[in-house]
Amino acid sequence: SSPPKYFCSSICVLTPPFSQNSSFLKNPSLPFFIPFWLRMTTSFGAAINIAAVDDPNPKLQIQRFNGLKSTSNSILLSRRIHRSFSHSNSTSIVRAVSTPAKPAAVEPKRSKVEIFKEQSNFIRYPLNEEILNDAPNINEAATQLIKFHGSYMQYNRDERGSRSYSFMLRTKNPGGEVPNKLYLVMDDLADQFGIGTLRLTTRQTFQLHGVLKKDLKTVMSTIIHNMGSTLGACGDLNRNVLAPAAPFAKKDYVFAKQTADNIAALLTPQSGFYYDVWVDGEKFMTVEPPEVVKARNDNSHGTNFPDSPEPIYGTQFLPRKFKIAVTVPSDNSVDIFTNDIGVVVVSDEDGEPQGFNIYVGGGMGRTHRMETTFPRLAEPLGYVPKADILYAVKAIVVTQRENGRRDDRRYSRLKYLLSSWGIEKFRSVTEQYYGKKFEPCRELPQWEFKSYLGWHEQGDGSLFCGLHVDNGRVKGEMKKALREVIEKYNLNVRLTPNQNIILSNIRQSWKRSITTVLAQGGLLQPRFVDPLNLTAMACPAFPLCPLAITEAERGIPDILKRVRAMFDKVGLRFYESVVIRVTGCPNGCARPYMAELGLVGDGPNSYQIWLGGTPNQTVLARTFMDKVKVQDLEKVLEPLFFYWKRKRHSKESFGEFSNRLGFEKLGDLVEKWDGIPESSSRYNLKLFADKETYQAMDALARIQNKNAHQLAIDVIRNYVASQQNGKSMD
């Protein structure tokens, strides 16, 4: 019999074609021509909804098909086009004709990691099998998947011969908050299963290095059972959400921390893969604020994958890592402009939070000798009322999920989508998922970097104490002193984005005894620490990071000492400083592209030098010089510091001076440098009153491999410190 007549009830655009292996197309109950018809039409990127009009047999009725939800199509767009076509073409008659099918469209190229995610059963397989075998390492797919669980596989690059594999674990601590019990557990795990140290990161988390594969499940389950988590600390999803670490009782600070917690909860994976792998599916009930649950489940603007275990992420999660920070006006302790999303609390004249300014498109990572990769600062997107922040953040994440590149991971961050589209198009597309227009950003005061080191009032009767930790490495006597104080006084902890630590909720009566114990462990008050160290940061790099090109954490102590010696030589005072950040590769984990002086590893014992960042972290640095050997740093930096000392304007920072003079001029100064001119005074007469005293001090200093200024400063610093601790010097 002749086939029944069919008409098109709706058309919706689909970017990917139907798979030829689709179970829908293979359904044997469908009429013989329907698979052919669908193959033909979908080669044009369109899905046709078909309904029988002649045949009285209701079994031939085909339910409406609104397209395949995938990582590369926009259901919102498809709905709008569907409405447009259904209104204008509702009476059109389409008949199936016997013509050859168009060739299937070529499937978009995807990176290998995208394939691993798709085949992983929501980040489970093959990791769940790989961690059970006797090998010390895991395979390539599992190596990518374990990142979503908060871990990286590493090996010791100092060792030659066979590789000794271990794993680095990174925790998830929104706003850097670490409960007392969790800190003590992490301290124990570092000794029992790690390398005896804890690493404080630039995203307010712990890193635990050196865990063997056979101990992974024990360590992970211990963290989970003590109300900690590593879920999402790495991988292609939202990472740890930053917020000011200072535990102030002020309304805006409290609200910023609450918002960071809610955003973190909103974007936490929901499919349970983390608990299936590490605690055998054991359920851990946490009470989420109702506004978080409501925002996550809301699909009124086509943001979600219906009926998926991962309503926001789907099977493919995001194209790359995604970073968010929340702060309050003027407080740039979080490096707000380096994040994919920056959220700033806006309050009224009474200090009551009313809404948020949102900034988008920041990011640090780049690749050497590829100018198409670059660091970028976030730019203003708009303002939203406080009740809408979760919906706005979700809309931005979905815009990146649907449009971020998945073929080449070097270009998969949100910053490249912003760079390609421009802010106006990005805002327009995001508003479709948000369901509203963004208001103009509210005016804010000037930003400043705040370290919160030293003793401060919380505002609720208690104190907090910010402690500088060189490069975030908690070890040795420092580790013991922190353990003693945190355990004895039952203190909670906040980790800062500058790799430091804050002890909170301290009674006034405890201050003296705590100060004494900490000083004995080398944790001094900031006035006794070199200002260069206070703002410096470095990534771990060698020996464990597989991406490192040269030293960072192990190299920066000597670099800082050499910079201080150069300061002394050109006449800069002890309290003067520059923001120095060092990374072993161009990925930018220590955010070197925001530093006044950034050293980025570009070869063995070699750095690319970046200049022009500012102390308040609002200006992007630029490349000044490539391939500078570590032993040649003085040849480049000494003339720069010399002319900064002599040519700067009042209160002009080194970064501001570098930008004002221009890199061409600075390059000329370096090229023509022949040492400090003879006309310059050799002696700092403000420190040494006469030449004889200087010469005597210089002779003593040479015995200790120092110069006269360094030894004099050490003597003065030790004297002041001893007086502070109630001791006297003979």
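Okay, quick definition before anything else: when I call a residue buried, I mean under 20% relative accessible area. And keep in mind that this is a predicted model.

Let's start with helix α13, residues 423-434. Which of its residues are buried? Ile 423, Phe 426, Arg 427, Val 429, Thr 430, Glu 431, Tyr 433 and Tyr 434. The length of α13 works out too: at 1.5 Å a residue, its 12 residues should span 16 Å, and the end C-alpha atoms are indeed 16 Å apart. Right after α13 comes Gly 435, which takes a positive phi of about 85°.

Now, there's an arginine on that buried list, so what does Arg 427 pair with? Its side chain meets that of Glu 424 in a salt bridge, 3.1 Å from N to O. The two sit three residues apart in α13, which means they are separated by about one helical turn. Arg 427 is buried because its relative accessible area is 17%, while Glu 424, at 55%, counts as exposed. While we're on salt bridges, some share partners: Asp 187, Asp 188, Asp 191, Lys 479, Arg 483 and Glu 487 are joined into one network that way. A search of the whole structure turns up 41 salt bridges.

Back up a little along the chain and you reach helix α12, residues 414-421. This one is mostly covered, with six of its eight residues buried. Those are Leu 414, Lys 415, Tyr 416, Leu 417, Leu 418 and Trp 421. And what covers them? The cover includes β10, β11, α11 and our friend α13. Just after α12 there's another glycine, Gly 422, with a positive phi of about 90°.

Helix α11 runs over 389-403. For charges in that stretch, look at Glu 402, which forms a salt bridge with Arg 401, the closest N and O atoms being 2.9 Å apart. Both count as buried: Glu 402 has 8% relative accessibility, and Arg 401 has 1%.

Next, the loop between β10 (353-360) and β11 (379-385), which is where Pro 375 lies. Is Pro 375 buried or exposed? Buried, because its relative accessible area is 9%. Leaving out neighbours within four places in sequence, Pro 375 contacts Gly 363, Met 364, Gly 365, Arg 366, Lys 415, Tyr 593, Trp 610 and Leu 620. Tyr 593 is 218 residues away along the chain, yet its C-alpha atom is 7.0 Å from that of Pro 375. Lys 415, also on that contact list, is one of the buried residues of α12.

Next door in sequence, Arg 376 and Glu 379 meet in a salt bridge through their side chains, at 2.4 Å from N to O. Arg 376 is buried at 15% relative accessible area, whereas Glu 379 is partly exposed at 21%.

What about the nonpolar interior? The largest nonpolar core has 115 residues, and Tyr 183, Trp 278, Ile 358, Leu 482 and Leu 503 touch the most other members. Apart from that core lies another, of 40 residues, among them Cys 539, Phe 567, Val 582 and Leu 611. Setting aside neighbours within four places in sequence, the contacts of Leu 503 include Leu 463, Phe 464, Leu 482, Ile 486 and Leu 518.

Last stop, the surface. Ile 716, Tyr 719 and Val 720 make a nonpolar patch of about 270 Å². Val 720 belongs to helix α22, residues 708-724, and is partly exposed, with a relative accessible area of 39%.

Key
Residues are numbered from 1 along each chain as its sequence is written. This is a predicted model: local features need pLDDT of at least 70, side-chain atom pairs count only at pLDDT 80 or more; totals for chains, interfaces and linings use all residues. Side-chain values use heavy atoms; hydrogens and water are left out. Patches are made of residues with over 30% relative accessible area and no salt bridge: like charges are joined within 9 Å, nonpolar side chains (Val, Leu, Ile, Met, Phe, Trp, Tyr) within 5 Å. Accessible areas come from the Shrake-Rupley method with a 1.4 Å probe; for residues, only the protein chains shown count as cover. A salt bridge is a side-chain nitrogen of Lys or Arg within 4 Å of a carboxyl oxygen of Asp or Glu. Helices (H or I, at least four residues) and strands (E, at least two) are DSSP runs, numbered from the N terminus. Buried means under 20% relative accessible area, exposed over 50%, partly exposed in between (1.4 Å probe, protein chains only). Contact means heavy atoms within 4.5 Å. A nonpolar core is a set of buried Ala, Val, Leu, Ile, Met, Phe, Trp, Tyr and Cys residues joined through side-chain atoms within 4.5 Å. The expected span of a helix is 1.5 Å times one less than its number of residues.
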